[in-house]
Structure formats: structure tokens, C-alpha cells
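User: Pick one part of this model and walk me through it closely, with the cut-offs spelled out as you go. I'd like one connected story rather than a list.

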Amino acid sequence: MPLTRDKIIGHDLERLAFRFTMLNDGDVVDCQISDAAMDQLAGMQGTESSARQAQFLSLRETIERIASDLYDEAPRVQGYVVRIFMRHLGP
């Protein structure tokens, strides 16, 4: 079952990832995409931290589709975090 859109948490400078949540039948699923993966999707490199939210918003549908697909493949464990890395984007 596909996840549905929820909230934007924001850029995490410690993890170099953008955090957001999605919903699985009302349950919150924590998600994040690495800066490198988001840059690869955007076809750029080295996006400033201050521009990450705008970058996420421009790619939101694609990122959420990838997160939903990864969630469908993941084991159902309470507290599972969907993490999108470059390897999940294909060649």
C-alpha cells in the first residue's frame, strides 16, 4: 500500500540528509533522503543547506514515490526509518 504525504521536518546538517514524514494508514513513517541522492535527482552538486527545502519541494513527488516503494520492500518493524541513498536511484 502506498504511503501518503505528511510533514516536512527539514534539513539535518549532522546527517547530511533531508527529513520528512509520510503516513501508512494513519501511522507516521519517518523518512530521509541523503543530500547526495537529492543532488543526483536534481542533476546538480553541492546544494547549500539553506536551499535544501526548496530542492526537496521541487522533487517531492519523485522522492515520496521512492520512499513509498522502499517502504513496501522493507520489513514491517516499528520505528523503521525509510532512508533514500544514491544506490536507490539506479544508474
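Analyst: Two strands pair if DSSP finds at least two bridges between them, and the elements themselves are DSSP runs numbered from the N terminus (helices are H or I with at least four residues, strands are E with at least two). Before we dig in: this is a predicted model, with pLDDT of at least 70 needed for local features and 80 or more for side-chain atom pairs, while totals for chains, interfaces and linings use all residues. Residue numbers run from 1 along each chain as its sequence is written, and side-chain values use heavy atoms, leaving out hydrogens and water.

Let's zoom in on strand 2, residues 17-24. Six of its eight residues are buried, so the strand is mostly covered (buried is under 20% relative accessible area, exposed is over 50%, partly exposed is in between, with a 1.4 Å probe and protein chains only). Strand 2 belongs to an open sheet of four strands, in the order 1-2-3-4 and with mixed pairing. The edges are strand 1 and strand 4, which each pair on one side only. On average, neighbouring strands of the sheet are turned by 20 degrees against each other, ignoring direction (axes are lines fitted to C-alpha atoms, for helices over the stretch in contact; angles run from 0 to 180 degrees between N-to-C directions).

Now for the partners of strand 2. With strand 1 the pairing is antiparallel, over six bridges. Among the bridge pairs, isoleucine 8 goes with phenylalanine 20, glycine 10 with arginine 19, and aspartate 12 with alanine 17. The hairpin of these two strands has four residues between them, and there leucine 16 takes a positive phi near 50 degrees.

On the other side, strand 2 and strand 3 are antiparallel as well, over eight bridges. One of the pairs is leucine 23 with valine 28 in strand 3. This hairpin has two residues between the strands, and aspartate 25 takes a positive phi near 55 degrees in it.

What sits against the sheet? Helix 1 (35-42) packs on it, touching strand 1, strand 2, strand 3 and strand 4, and its direction makes about 75 degrees with that of strand 3 (contact means heavy atoms within 4.5 Å). Helix 2 comes in too: strand 2 is among the elements that cover its buried residues, along with strand 1, strand 3, helix 1 and strand 4. Those buried residues of helix 2 include Phe56, Leu59, Ile63 and Leu70.

Phe56 is where the rings come in. The whole structure holds two aromatic pairs (rings of Phe, Tyr and the six-membered ring of Trp pair if their centres lie within 6.5 Å; planes under 30 degrees apart are stacked, over 60 edge-to-face, the rest tilted). Phenylalanine 18 and phenylalanine 56 have ring centres 4.6 Å apart and planes at 20 degrees, so they count as stacked. Because phenylalanine 18 lies in strand 2 and phenylalanine 56 in helix 2, this pair ties together parts that are 38 residues apart in sequence. Phenylalanine 18 is buried at a relative accessible area of 1%, and phenylalanine 56 is buried at 0%.

The other pair is phenylalanine 20 with phenylalanine 56, and it is tilted: 5.0 Å centre to centre, with 45 degrees between the planes. Here the parts tied together are 36 residues apart in sequence, since phenylalanine 20 is in strand 2 and phenylalanine 56 in helix 2. Both phenylalanine 20 and phenylalanine 56 are buried. Put together, Phe18, Phe20 and Phe56 make one aromatic cluster.

A last word on the helix that supplies Phe56. Helix 2 (residues 52-73) has 22 residues and would span 32 Å if straight, but only 27 Å separate its end C-alpha atoms (expected span is 1.5 Å times one less than the number of residues). Helix 2 has a kink of about 70 degrees centred on leucine 59 (the bend is the angle between axes fitted to the seven residues ending at a residue and the seven starting there), and leucine 59 is itself buried.
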